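Visitor: I am new to protein structures, and I would like to go through the charged residues of this one slowly. Could you show me the sequence and the model before we begin?

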Amino acid sequence: MMGSKDADPSLGYLTRKDTEVKLPRPTRVKNKTPAPIQITAEQILREARERQEAEIRPPKQKITDSTELADYRLRKRKEFEDLIRRVRWNTGVWIKYAKWEESQKDFNRARSVWERALEVDYRNHTLWLKYAEVEMKNKFINHARNVWDRAVTLLPRVDQLWYKYIHMEEMLGNVAGARQIFERWMHWMPDQQGWLSYIKFELRYNEVERGRQIYERFVQCHPKVSTWIKYAKFEMKMGEVDRARNVYERAVEKLADDEEAEQLFVAFAEFEERCKETERARCIYKFALDHIPKGRAEDLYRKFVAFEKQYGDREGIEDAIVGKRRFQYEDEVGKNPMNYDIWFDYIRLEESVGNKARVREVYERAIANVPPAEEKRYWQRYIYLWINYALYEELDAGDMERTRDVYHECLKLIPHKKFSFAKIWLLAAQFEIRQLNLNGARQILGNAIGKAPKDKIFKKYIEIELHLGNIDRCRKLYEKYLEWSPENCYAWSKYAELEKSLDENERARAIFELAIAQPALDMPELLWKAYIDFEISQGEYERTRALYERLLDRTKHLKVWISYAKFEGSATGEDGGNPDMLEDDFQEHLYEQKKQCIQRARRVFEKAINYYRTSAPELKEERAMLLEEWLNMESSFGELGDVSLVQAKLPKKLKKRRQTQSDDGLSAGYVPVNC
């Protein structure tokens, strides 16, 4: 009952225990020490072979009379026929059957089997090959010819059939028949090896002219570089140098633009080299380098350099090396034409060679790669191509008209509404000045100010006109400059400085007044300083004080107070006194004047201290610095100074302490407090 419950129908009603495979327990090796007698693997294999039992072979059957032979043949044929009925498409069975019939010397039956097999699969060229080999082996030549003829007719694209057929005819000495078979084959336009086999066949029988004719048909059928090279080498081998050269020339005419043209040119040049025609070889190399794309001419360049090293002079070798570097640059600019650094290197290479036409060509190709976006950062490297081009035309080529055209085209190309380059405008103007064309330079700089005004352009234009002594033009340019950039303190200062140099003090003062009246300035402190320095240089101390007061109305900066005080402390030349005065009286006058200066300086310091104490009490550091400056000034005045006046105002350093207590609550002393 228990057994029936545990039975599994999928296991034929056997239990799991019945179906378990019990493996023998692995024996544990107790003694792992090496045995006293060691046995090699070779010994084990030799013993296994010796103990092997002899193979059981069926007994040999001996046929003693014709009746037994007929029975044997009948039985074997029945077996083969039954096998063929089962596996009709198995060519191996057919071949075994046909070979067995051949072994019985029943050739008609064998042919019948071969024919039946071909009816099943005539596209199997192996059947044709074995069929024909059987006929040839048994010297049935006509039968073999018949088989070969049918095979090449049905399967003309199987080269092996043609080769075997031709080989048989050649072995029989039937050269005309072999040639006829070759001709039949050539109508099917086989691959190169078929044509080369035909040529070798003719050459074996010294039919050179026939071989040449076949080569002509060969290069028409396969118009490739390799076939033309083989044809030329054939003519060279035959000693026909002129014919070989003619073949190469025809090949160059037809295949100069082929992808494998490099091999053709190399072979042609090496041929001329072998013929001692070094100039012809050099011309071929140069022609090839000019016509073959740079990406496919690596081997050509290498061969050309080796050729020049062997046959050329120093100039030729350098030209070859330059050609190799030129190839590298062409490859790189072909990959990335926007890499302007490569163009610069390429141009330097061409300039070192000195061929003007080639240098101009490279420059033109380089500047044709205009940056795709109208953003200045993309143009910053590109614009130097134009600059270098213009400088090359002016300095190296000496062609001033082309230089002018380069500058003109460059300025026309730049999108001035979005950005511009002051350097180009200035270089173009300086070029015109060198050509003594002052009107042209003014026109260029005027266009620059109209289209793309920049600080550099204004400064340079003003500098040029100043050198020429055209003061009115300088004034007009400064006016244009300040109209374009009224907040530019540098322009205001330089304009006033120009007027001061011309002793036009009132004009200079008016310019300064206009400048400080502007609502916005980029560096007002420099402008005020220049104005104050101007008034001091003119000895206008009252005006200077008024300027300081106006400046303090705008800003109460520490530096302004200190500068004001220092001015007052040094303004001793306000009243020079009477020149007829005695020396003692003059010294006394100077002493009194010095005391007045010190009093005015102290008033400035006191005014500043009062401002920082009342209006800006949070600026403690500035106040301390001001007192320190005052103290230094009082010290510098010597006996006239009063240091104690400032020391009473200096801030005092306080040390704060706090009382500490011990664990029992008693006082334990004082410790400093970090403020």
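Visitor: Is D522 buried, partly exposed or exposed?

Guide: Please keep in mind throughout that this is a predicted model. D522 is placed in the loop between α29 (505-516) and α30 (524-537). Buried residues lie under 20% relative accessible area and exposed ones over 50%, with partly exposed in between. Because D522 has a relative accessibility of 43%, it counts as partly exposed.

Visitor: Which residues form a negative surface patch?

Guide: Asp and Glu count as negative, and a patch takes in residues that have over 30% relative accessible area and no salt bridge. D522, at 43% relative accessibility, is one of the members. The negative surface patch is formed by D455, E487, D522 and E525.

Visitor: Is K456, which belongs to a patch of positive charge on the surface, buried or exposed?

Guide: K456 lies in helix α26, which covers residues 455-468, and it gathers with K376, K423 and K459 in that positive patch. Since the relative accessible area of K456 is 59% and the cut-off for this class is over 50%, K456 is exposed.

Visitor: What is the length of the polar contact that joins the side chains of R111 and E135?

Guide: R111 is found in helix α6, residues 107-120, and with a relative accessible area of 14% it counts as buried. A polar contact joins the side chain of R111 to that of E135, and its length is 2.8 Å.

Visitor: How far apart are the closest N and O atoms in the salt bridge of D345 with R348?

Guide: D345 and R348 are three residues apart in helix α19 (residues 340-353), so they are separated by about one helical turn. D345 is partly exposed, because its relative accessibility is 26%. In the salt bridge that D345 forms with R348, the closest N and O atoms are apart by 2.3 Å.

Visitor: What is the N to O distance in the salt bridge of E409 and K412?

Guide: E409 and K412 are three residues apart in helix α23 (residues 400-413), and they are therefore separated by about one helical turn. E409 counts as partly exposed at 36% relative accessibility, whereas K412 counts as exposed at 56%. Their side chains meet in a salt bridge with an N to O distance of 3.6 Å.

Visitor: Which residues are joined into one network by salt bridges that share partners?

Guide: A salt bridge needs a side-chain nitrogen of Lys or Arg within 4 Å of a carboxyl oxygen of Asp or Glu. Salt bridges that share partners join into one network R77, E101, D106 and R109.

Technical notes:
Residues numbered from 1 in each chain as written. Predicted model: local features only at pLDDT ≥ 70, side-chain atom pairs only at ≥ 80, totals over all residues. Heavy atoms only, no water. Patch = residues over 30% accessible without salt bridge, like charges linked within 9 Å, V, L, I, M, F, W, Y side chains within 5 Å. Areas by Shrake-Rupley, 256 points an atom, 1.4 Å probe, with all protein chains shown as cover. Charge placed at Lys NZ, Arg CZ, Asp CG, Glu CD. Helix = DSSP H or I, 4+ residues; strand = E, 2+ residues; numbered from the N terminus. Buried < 20%, exposed > 50% of the residue type's maximum accessible area, 1.4 Å probe, protein only. Polar contact = N/O pair within 3.5 Å; in protein donor to acceptor, adjacent residues only side chain to side chain.
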